[in-house]
Amino acid sequence: MTDGEFGGEAGGAVGRPWGGPSAEGGGDPFDDALALANGTAPRWVRPGAGPEATTVTTPYAAGGAAAATSSATGSGGDAPYTPDDPFSPDDPAAARSGPSSPSSPSGPSRPVDPAPPTGPGPRTAPAAVPWHTARALAERAVPGPPAPETSVLGEALGRTLAAPLTALTDLPSFDTSAMDGWAVSGPGPWRLDRPADAPETGLPSGILAGHAPAEALLDGHAIPIATGARVPSGATAVLRSEHGEVRELSAGGRRLYAPRPAPPGQDIRPRGQECRRGDQLLPAGALVTPAVLGLAAAAGYDELTAYRRPRAEVFVLGDELLDHGLPHEGRIRDALGPMLAPWLHSLGIEAAPPRHLADEADTLYAALAGSTADVVITTGGTASGPVDHVHPTLRRLGAEVLVDGVAVRPGHPMLLARLAPRRHLVGLPGNPLAAVSGLLTLAEPLLRTLAARRPAAPYRTPLAAAVAGHPRDTRLVPVAYRDDERHGLTAVPLRFHGPAMLRGIASADALAVVPPGGAERGTELELLEFPWSASWSASWSAGWTPGWAAPGGPYEPPEATGGRA
């Protein structure tokens, strides 16, 4: 089923700034966030909010329906933010988010603390975790990768080295000819020798790759040699075949001439030129790519010790989903199943084909209880609707909730839970772009730790157009790269960025991390690059413009953002 992005999700913003004092006056941020997720920490109200400024605890399994309306009933009277139409002109929350808001004459409006839950209902959702905090929690949810394994070279592809790759031999292991031609000794011209094993008639084959020369090369002599063949002792250089001329002598025999001298060492790859035995070629933690497999083989390895690829299972929830054909009779195509498994593969994760599960609590319980995957990823069912069974099933399994709602749009009702030691569940919203948001926010950092992969270096790029922001939450917006005369490589916000849309991310290179309140053109924003775009982003071609906003123009309509910043 498809989650709503407002109804039934965790309410509003976090009640106190991350890193601020806890109820005890301090504490570890990781532990504080876990307490927030499980409803055992007080929800803070902004100081000076009046005599009703009290703390409220929200147990994970407690009843209450206020989560669906807390964003609209907090002090200040903000109306609900509706991400399916994020910045419509009549959205009061968006209208008050700009610097010229009458309610905030000194700058952008501050987050409004949610009111205490008051009504009955299936559960009270805890305060949403800040986006950067949620990613840090996911990365630290496991202490590290499982024990490494030793496997043959081919099976190590995509894994992470558990130990440095050290050369087992010199590379090359002997002096090698870099070209086809003649091995020569001393200055020319050279008497052209016939190899000892050459036939009596016809041209001599010379020294071929894989064959060791039988005799030393005398001074003033030459012998044919092939690329990759071992250079005989006594040789001082290799003369390329196109640079030499063979002449028959009247007295018999042949002589090799060259228009210019062959300096010592010419076109010879000396032993150990690339590395010496014992040299470290790659550190522990390096990703095993096809090139690494080639290097390991050349350095003498038959096996590699690396961390195994994490195993993930994808459960697609929803009776309304079709796996083929056109939508009809209220049913829609499953867009997440075909997308998530390949996306996980691109992250180096082993993932079986997704399983479609009906909207039945017992069916979900049986699937989760029977799974042996390191990480289970579910789509849909993370809110509080009549057939949203993820939270009740987690309670039934005795799972520990680490993150329950993130202050990000789209993807607010995502969650992370520990099913058992070293086994986790990531609950993604059912809307496609919201699911991608959850995948990059919670699943990717967790799986990266399990795979022992290093995090990508922080990457920031200036915006090519202004982007409106949510009044309180972080916003993730699809962007594509383009060249700009002033800013160089820039990130262009793409259209079709609603929570249920895929058209934007299908043309995108990354998601831009937009802070509350938005960002102006030229602002450098953090980017979450897609796995398939990181390697070629620098060579992006400015000639392809899929659905961009007008270059230099505002990303949102002026009436929705209060005009250009």
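Two strands pair if DSSP finds at least two bridges between them. Strands E3 and E14 are joined by 2 bridges and run antiparallel. The legends below describe this pair and other sites in a predicted model.

**Figure 1. Overview of the predicted protein model.** The protein comprises 565 residues, and buried residues account for 50% of them. Its secondary structure consists of 11 helices and 29 strands. Of the contacts between residues at least 6 apart in sequence, 75% join residues at least 24 apart. The accessible surface amounts to about 25,200 Å², and carbon and sulfur atoms contribute 55% of that area. The structure contains 14 salt bridges, including those shown in Figures 3, 4 and 5.

**Figure 2. Open sheet with the strand order E2-E14-E3.** The sheet has 3 strands, and their pairing is antiparallel. Its edges are formed by strand E2 (149-152) and strand E3 (160-161), each of which pairs on one side only. Strands of a sheet pair through backbone hydrogen bonds, in either a parallel or an antiparallel manner. Between E3 and E14 there are 2 bridges. Across from Leu161 stands Ala306, a residue of E14.

**Figure 3. Salt bridge between Arg448 and Glu139.** The closest N and O atoms of the two residues are 2.9 Å apart. This pair links distant parts of the chain, with Arg448 in helix H9 (residues 432-450) and Glu139 in helix H4 (residues 131-139), 309 residues apart. Which residues are linked with these two in a network of salt bridges? Arg135 and Glu444 join Glu139 and Arg448 in that network. Arg448 is classed as buried because its relative accessible area is 9%, under the 20% cut-off. Glu139, by contrast, is partly exposed, at a relative accessible area of 31%.

**Figure 4. Salt bridge between Glu350 and Arg309.** Here the closest N and O atoms lie 3.5 Å apart. Distant parts of the chain are again linked: Glu350 belongs to strand E18 (residues 350-351), while Arg309 is in the loop between strand E14 (303-307) and strand E15 (311-317), 41 residues apart. Is Arg309 buried or exposed? With a relative accessible area of 19%, Arg309 is buried, because the class covers values under 20%. Its partner Glu350 is partly exposed, with a relative accessible area of 34%.

**Figure 5. Salt bridge between Asp362 and Arg396.** The side chains meet at an N to O distance of 2.9 Å. Asp362 is part of helix H7 (residues 361-370) and Arg396 is part of helix H8 (residues 390-397), so the salt bridge ties together parts that are 34 residues apart in sequence. Asp362 is exposed, its relative accessible area being 53%; the cut-off for that class is over 50%. Arg396 is partly exposed, with a relative accessible area of 46%.

**Figure 6. Surroundings of Ala464 in the loop between strands E25 and E26.** The loop runs between strand E25 (460-462) and strand E26 (474-484). Ala464 is buried, with a relative accessible area of 6%. How many residues along the chain separate Ala464 from Asp483? The two are 19 residues apart, and 9.1 Å separates their C-alpha atoms.

Technical notes: Residues are numbered from 1 along each chain as its sequence is written. This is a predicted model: local features need pLDDT of at least 70, side-chain atom pairs count only at pLDDT 80 or more; totals for chains, interfaces and linings use all residues. Side-chain values use heavy atoms; hydrogens and water are left out. Helices (H or I, at least four residues) and strands (E, at least two) are DSSP runs, numbered from the N terminus. Buried means under 20% relative accessible area, exposed over 50%, partly exposed in between (1.4 Å probe, protein chains only). Contact means heavy atoms within 4.5 Å. Accessible areas come from the Shrake-Rupley method with a 1.4 Å probe; for residues, only the protein chains shown count as cover.
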